[in-house]
Amino acid sequence: MKILIYVLAALLMVNCGSAQVSETTVIESPALPDSGDMFTNSERIGEMMNYLASNDLKGRDSGSEGIEMAAKYIENYFRSYRLQPYFETYRDTLSNFKKPSYNIVGIIEGNDPELKDEFILIGAHYDHIGTIKPENGDFIANGANDNASGTSTVLELARYFGTQKTNKRSLIFALFSAEEKGLLGSKHLAKKLKEEGLNLYTMLNFEMTGVPLKGKDYFMYITGYDMSNLAEVSNKYAKENLVGFLPTAKEFNLYQRSDNYPFHGEFGVPSHTFCTFDFTNFNHYHKVGDEPDLMDFGHMATLVNKTIPVIEGIANAPSQEIKLSE
């Protein structure tokens, strides 16, 4: 059995340092396995990363021309893979930041008549810190690991569910701006959705997923590990020890330092960040050396492929399995 996959329309591609727009094409592809195995690959991830973390985008500082290029890229991606705008357009204008800045928010409605009224929000921030003090003539903080990696992860998850439509619950995909300014994008959106009365089940955030953990018996960790049973639920659907506990994440209070936290504060629901940065495996945090050529695209593709059945399981379970710890 074959399905139609709509390949990215107006996808911004990097070619000799400039952004080009490719034509829309439609190809036939074998039906994807339910597990999401091999849905994406290192070549595709690398193509995305090499654009989002390119010098052309100049570090994606909030309110800059560079992040505007990233916003258009994300909008084109959502549109091409059949996500609907959550608001009137994909853009959610921040009310708490002076320069014009936007979260990019899309939705895939659930296919179950009852469960579709429950929402899972999957997010990552797509901004970074822009240009900084030069090091060896380089002044662009490209932000590959932080957080073009999480952005690419979320975009590929959106592509899977946008084309496969396997989710019973509704999925909101949000790319946040102004995280580097104090979680402003996620704070704005969490408050806005709360005021609208959104029935949020859980928030799953992705941050710094560009390099693998070393010497661990798990593939990635979540912040706030002991605040809910998300790790247990994730490992059940992954059928392996996919998610573990990183002591330094608790020591440095990472739970409150990423975009999951405003949703926990507003909604009081399980809200966590998935990450593979452990303070020892990457030395270029907020530096000009955070370049795409240091990223492990194979690892990133594996993370997406392993995460698909987890989100699919959470979205399709008859009842809400993820519970806050007592």
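In this predicted model, R159 is in contact with F39, T40, R44, Y77 and Y81, when its neighbours within four places in sequence are left aside. One of these partners, F39, stands 120 residues from R159 in sequence, yet the two C-alpha atoms are 9.7 Å apart in space. R159 belongs to helix α3. Its relative accessible area is 8%, and because the limit for burial is under 20%, R159 counts as buried.

Helix α3 spans residues 144-164, and its packing against helix α2 offers a second view of R159. Two packed helices are described by the angle between their axes and the distance between the axes. For α2 and α3, the axes come within 9 Å and cross at roughly 20°. An angle under 35 degrees counts as roughly parallel, and α2 is therefore roughly parallel to α3. The crossing of these two helices is right-handed. On the side of α2, the contact is made by Y73, I74, Y77 and F78, while α3 contributes T151, L155, E156, A158 and R159. By class, these residues comprise 6 nonpolar, 1 polar and 2 charged. Y77 thus appears both in this helix contact and among the residues that touch R159. Y77 also belongs to an aromatic cluster, together with Y51, Y73 and Y81. Y81, a further member of that cluster, is likewise in contact with R159.

Helix α3 also meets helix α8, which covers residues 297-316. How do the axes of α3 and α8 cross? They come within 10 Å of each other, at an angle of roughly 50°; α3 and α8 are therefore oblique to each other. This crossing, too, is right-handed. From α3, the contact draws on S149, S152, T153, E156, L157, Y160 and F161; from α8, it draws on M300, L303, V304, T307, I308, I311 and E312. The residues of this contact divide into 8 nonpolar, 4 polar and 2 charged. E156 is named in the contact with α8 and also in the contact with α2.

Several features of the backbone call for attention at this point. Within the range of α3 lies N147, and the peptide bond that leads from D146 to N147 is cis, with omega near 0°. In the loop between α3 and β11 (170-176), K165 has a phi near 55°, a positive value in a residue other than glycine. K165 has a relative accessibility of 36% and so counts as partly exposed. K58 likewise has a positive phi, of about 50°, although it is not a glycine. This residue lies in the loop between α1 (42-52) and α2 (65-80). Its relative accessibility is 49%, and K58 therefore counts as partly exposed. Just after helix α5, K239 takes a positive phi of about 60°.

Helix α5 itself comprises residues 230-238, and its buried residues are L230, A231, V233, S234, N235 and A238. What covers these buried residues? The cover includes the strands β12 (200-206), β13 (220-222), β14 (243-244) and β15 (271-275), together with helix α8. Helix α8 is thus part of the cover of α5 and also a partner of α3.

A further buried residue is found in helix α4, residues 184-195, where H188 is located. With a relative accessibility of 9%, H188 counts as buried. Beyond residues up to four places away in sequence, H188 touches D92, T93, L94, S95, N96 and N103.

The aromatic residues complete this account. With ring centres within 6.5 Å taken as the criterion, the count comes to 14 aromatic pairs. One of them joins Y86 and F87 in an edge-to-face arrangement, at 4.9 Å centre to centre and with 85° between the planes. F87 has a relative accessibility of 17% and so counts as buried. Another pair, F277 and Y285, is stacked, with 6.5 Å centre to centre and 15° between the planes. Are the two members of this pair buried or partly exposed? F277 counts as buried because its relative accessibility is 8%, whereas Y285, with a relative accessible area of 37%, is partly exposed.

Definitions and conventions:
Residues are numbered from 1 along each chain as its sequence is written. This is a predicted model: local features need pLDDT of at least 70, side-chain atom pairs count only at pLDDT 80 or more; totals for chains, interfaces and linings use all residues. Side-chain values use heavy atoms; hydrogens and water are left out. Helices (H or I, at least four residues) and strands (E, at least two) are DSSP runs, numbered from the N terminus. Buried means under 20% relative accessible area, exposed over 50%, partly exposed in between (1.4 Å probe, protein chains only). Axes are lines fitted to C-alpha atoms, for helices over the stretch in contact, and angles run from 0 to 180 degrees between N-to-C directions. Angles under 35 degrees count as roughly parallel, over 145 as roughly antiparallel, 65 to 115 as roughly perpendicular and the rest as oblique. A crossing is left-handed if the near helix is turned anticlockwise from the far one by less than a right angle, and right-handed if clockwise. Contact means heavy atoms within 4.5 Å. Ala, Val, Leu, Ile, Met, Phe, Trp, Tyr, Cys and Pro count as nonpolar, Asp, Glu, Lys and Arg as charged, and the others, Gly among them, as polar. Rings of Phe, Tyr and Trp (its six-membered ring) pair if their centres lie within 6.5 Å; planes under 30 degrees apart count as stacked, over 60 as edge-to-face and the rest as tilted.
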